[in-house]
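User: Please take a close look at the backbone of this model. I would like to see where its geometry departs from the usual pattern, and what surrounds those places.

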Amino acid sequence: MKKLILVIFLLISVSLFPIKSDISPKHDEGPFLQFSSIGYAWQTFELSTIPLLWPLGLYNLSFRYYGIENSIIDTFSYIFDPGLVPSYTGQPREGLLLLYNLGSYYHTNYNFDNFSIKPHFEINNSGMFLNDGTDTASLNMIWLKISLGVGYYSTEDLEIFSNLEGGILANIFAYPETPTDWEDTVNQIKSESLYFLLKAGVRWYYDEYSAVELGYRFKLKESPLMFLQGFTVTDWLYNIFGIIYYNTSEEQINIPFITTDYYLTFSAKF
């Protein structure tokens, strides 16, 4: 009888521990400073940027809304000036090239005892702007990303998870005027853009604002758009190498946990 009571007590204790969320909590009202970002928090809003990226020519701004329970809406912008770093060595600029991404996502984290479910919807407008001193050209694309994560918390801070992610290209726009067969080209690219990716692994929430994630990527359906997958800095690095070596016979650079399908990230929170 005593053993039965003990087992019941342990089961109740495990099911009631305060499991974590993969949404970073809102800062106290007023200015805040973290290792990687600075910003200002209002009652339900936050505005922040990552100044460590500015010297690299990557300018960014994030606007977050915390007014929905267990959810967050984040609207963000990134503008990359690839000519800035070479200019430090005195290399002259020949025109202006800017790469950009403007987007917004809605992310939810519902916890049910030891289990979690995490829907995510995202829309992005990515593109480039080029001015060679005489002419101006631009190209941008609107694309969607949807994911659904499920998890089980084996302890208060440790989650076993899987995440199904998919994305598709909605449209492409170009300036100046495009060839007469542009619409057919866009439709073909859109039809081939769908990708699906499954991630599985473990996630350790080591403080309020950060989590370590160790996992593996399973490519269920590949497309060039797949190299916009993920949500972390580690994913960005993986995507850059993936774009370089996509559909080539060249020997790939193999960096454990970076260019491989098994990965490690220290920024696994939204």
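**Unusual backbone geometry**

Analyst: Asn70 is partly exposed, at a relative accessible area of 37%. The model is a predicted one, and its backbone can be read against a general background: phi is negative for most residues other than glycine, and most peptide bonds are trans.

Asn70 is not a glycine, yet its phi is positive, at about 65 degrees. The residue sits in the loop that runs between β4 (58-65) and β5 (71-80). A second case is Asp113, also with a positive phi although not a glycine, here about 55 degrees. Asp113 belongs to the loop between β7 (110-112) and β8 (115-131). Its relative accessibility is 52%, and because the exposed class begins over 50%, Asp113 counts as exposed.

The peptide bond that departs from trans is the one from Tyr175 to Pro176: it is cis, with omega near 10 degrees. Pro176 is placed in the loop between β10 (158-175) and α3 (182-191).

Both residues of that cis bond, Tyr175 and Pro176, are in contact with Ala137. Apart from neighbours within four places in sequence, Ala137 also contacts Met128, Phe129 and Leu130. Ala137 lies in strand β9 (residues 136-153) and is partly exposed, with a relative accessible area of 28%. Leu97 is 40 residues from Ala137 along the chain, and the C-alpha atoms of the two are separated by 9.8 Å.

How values were computed: Residues are numbered from 1 along each chain as its sequence is written. This is a predicted model: local features need pLDDT of at least 70, side-chain atom pairs count only at pLDDT 80 or more; totals for chains, interfaces and linings use all residues. Side-chain values use heavy atoms; hydrogens and water are left out. Helices (H or I, at least four residues) and strands (E, at least two) are DSSP runs, numbered from the N terminus. Buried means under 20% relative accessible area, exposed over 50%, partly exposed in between (1.4 Å probe, protein chains only). Contact means heavy atoms within 4.5 Å.
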